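Here is a short report for a first look. Take a moment with the sequence and the structure, then read on.

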Amino acid sequence: MISSLERVPIDLLHWFLGLVGSFGVPAWILAIVSALIIIGTIIGVFLGLFALTSVMERKILARVQNRYGPNRAGPFGLFQPIADGIKMITKEDLVPRTADWIVHLLAPVVMMVPALMVLAIIPYGRDMVPVELDAGILYFFAVGAGTEVAVFMAGWGSNNKYSVLGAMRAIAQMISYELPLVISAIVTAMIAGSLSPSAIVAAQGGGGFVPQWFILTPWGFTAGLIFYICALAESNRSPFDLPEGESELVAGHLTEYSGFKYATFFMAEYVGMFAICGMFVTLFLGGWQAPLPFLDIVPSWCWFFGKVCFVAFTMIWVRATLPRLRIDHLLAFAWKFLLPMSFAAFLSAACWHYAGRGPLAWILSLAIVGIPYLILGNAFTNRFAVSRRTYLFSE
Amino acid sequence: MMCDFLKTCCADPMKLIGEWFVILPAVILLLAAAASVVMRNLIHAALLLTLSFIALGVVFIALGAEFVGFVQLLVYVGAVAMVIVFAILLTKPDQLTKSRNMLSGFAPAAGVAVAFASLAALLGFIFSSPLAKKPLPATASAPVAAIGEALMGDYVIALIVLGILLTAALVGAAVIAMEDKP
């Protein structure tokens, strides 16, 4: 049974286009109007989510740390984003005298563009994918590569050594974590037999009582966990937030930004976080599919945004719980643990497919993922065993 | 003349827009590439080169070669541009200002000559290859699935050889970067 609310967004769009079309507007203008409405809706929804999260994150962090959090602006502090927005706009926009002002000005803009562009290929619900691309996954990562350029521009344009250091760290981290991220995403494309996000969601549908989501298989669980960790690193979130590490780098590439430029960075980071959460949901958590067949009475887009909000919540939870990593541990973790594990997940998925996806496949793929995990995990814990830190230059 | 132009616009505006999606990024590509050659500030030159990479990717996508366009963005913007930028940052700052001395004497003329010679050689190879004599396909699009099948079918040996080469390069880089055991 499919909910009657299921097609409400699509029906609204068609009704509006029909209304406009009845005035004799040519078809090509209608096409442009339709595209603009879809773009406006997506940007509006995600900026609304950003505003909500900026207050919810502080609330959740406060709850974990046993304090109140923002509670002055409006009921339960819910108007905090509005107060923050007004504060950001009215702040002075400082540009350092020695900064390269063009690069400094363009960096937040360049940061925002990929964060918004990647939203185009995510399937938000049944038949609700804004741009249907055969190579949607590839598009997601190709456009996402622009973020690194923006971070570099911000770091270098500020003409500040802490900014450059932060940007170098951020780029090293993003390039390192992009590899396992892409490989773990490709695993799902391999099983679904397509690079299109809607086909990957469709491949996780059907089945009986147990959902056929990819995260519920041995290889999918491994790849999903790797994807999640790399998503944290790609969006520069804790425990991988050391490009910004305020205690050591005074916010890295954001040091010299103030006012609305800083807000743009902040916004781009959160929208990027939601985009990558959406990708995680699409690839591993069944996209807009309901977990159980009878739960189809809830519209598919509600399921999608519910799952995205849940994944974003776990990211905030992680931020409240885990301390920041050291840069050498961070890079070693990416290259020496995540990368081999993503290859293992890749191999495991191939075996799962060719062993017929039955009980034998389960045992095989579990073994292929489990044995490297035990070996690598052991080696890793021995290598980085907690010992007394020795200082080279101070005693 | 102008009237005809407007008529074609109104008859098939989508086609016109489609053409501009090729022309505009191509113009940006040429301007950015030219500017990155003459720019004195090396970081600005690198960023303009990145812009030209992006514009080239957009040209590919607008021409229907989605896969090539996305890979262009992923590899060149995500990796090559960053390698260039890192290389610039790791050089000494006084070398950045000295590089303007290169713009005197025979150097520019020699550079232009080399550029045109290599362009001529490339064009010669392209037009003498048997592929140039094949008729153009009716539809100018390359579906990703077809590219995948070609890579896994006809060109699988080349793909494997490239994979081995890149793996060897990766292992080599790791060996060079490895800490020496005392």
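## Burial and contacts in chain A

In chain A, 43% of the 395 residues count as buried. The model is a predicted one.

Contacts in chain A reach far along the sequence. Take those with a separation of 6 or more: 76% of them join residues 24 or more positions apart.

## Fold and dimensions

Chain A has 14 helices and 0 strands. Its pattern along the sequence is α-α-α-α-α-α-α-α-α-α-α-α-α-α. The radius of gyration of chain A is 23 Å, and the globule rule gives 21 Å for 395 residues. The two values are close, so chain A is as compact as a globular protein of that length.

The C-alpha trace of chain A can also be described along its principal axes. There it spans about 70 × 60 × 40 Å.

## Where chain B touches chain A

Chain A brings 19 residues to the contact, and chain B brings 18. On the chain B side, four helices each supply at least two residues: helix 2 (13-38), helix 3 (42-62), helix 4 (66-89) and helix 7 (144-152). Which helix of chain B gives the largest share of the side that touches chain A? Helix 4 of chain B does, with 10 residues.

What kinds of residues make up this side of chain B? They divide into 15 nonpolar, 2 polar and 1 charged.

Key:
Residues numbered from 1 in each chain as written. Chains lettered and ligands numbered in written order. Predicted model: local features only at pLDDT ≥ 70, side-chain atom pairs only at ≥ 80, totals over all residues. Rg over C-alpha atoms; globule rule 2.2 N^0.38 Å. Buried ≥ 20, exposed ≤ 12 C-beta atoms within 10 Å, placed from the backbone. Contact = placed C-beta atoms within 7 Å. Nonpolar A, V, L, I, M, F, W, Y, C, P; charged D, E, K, R; others polar.
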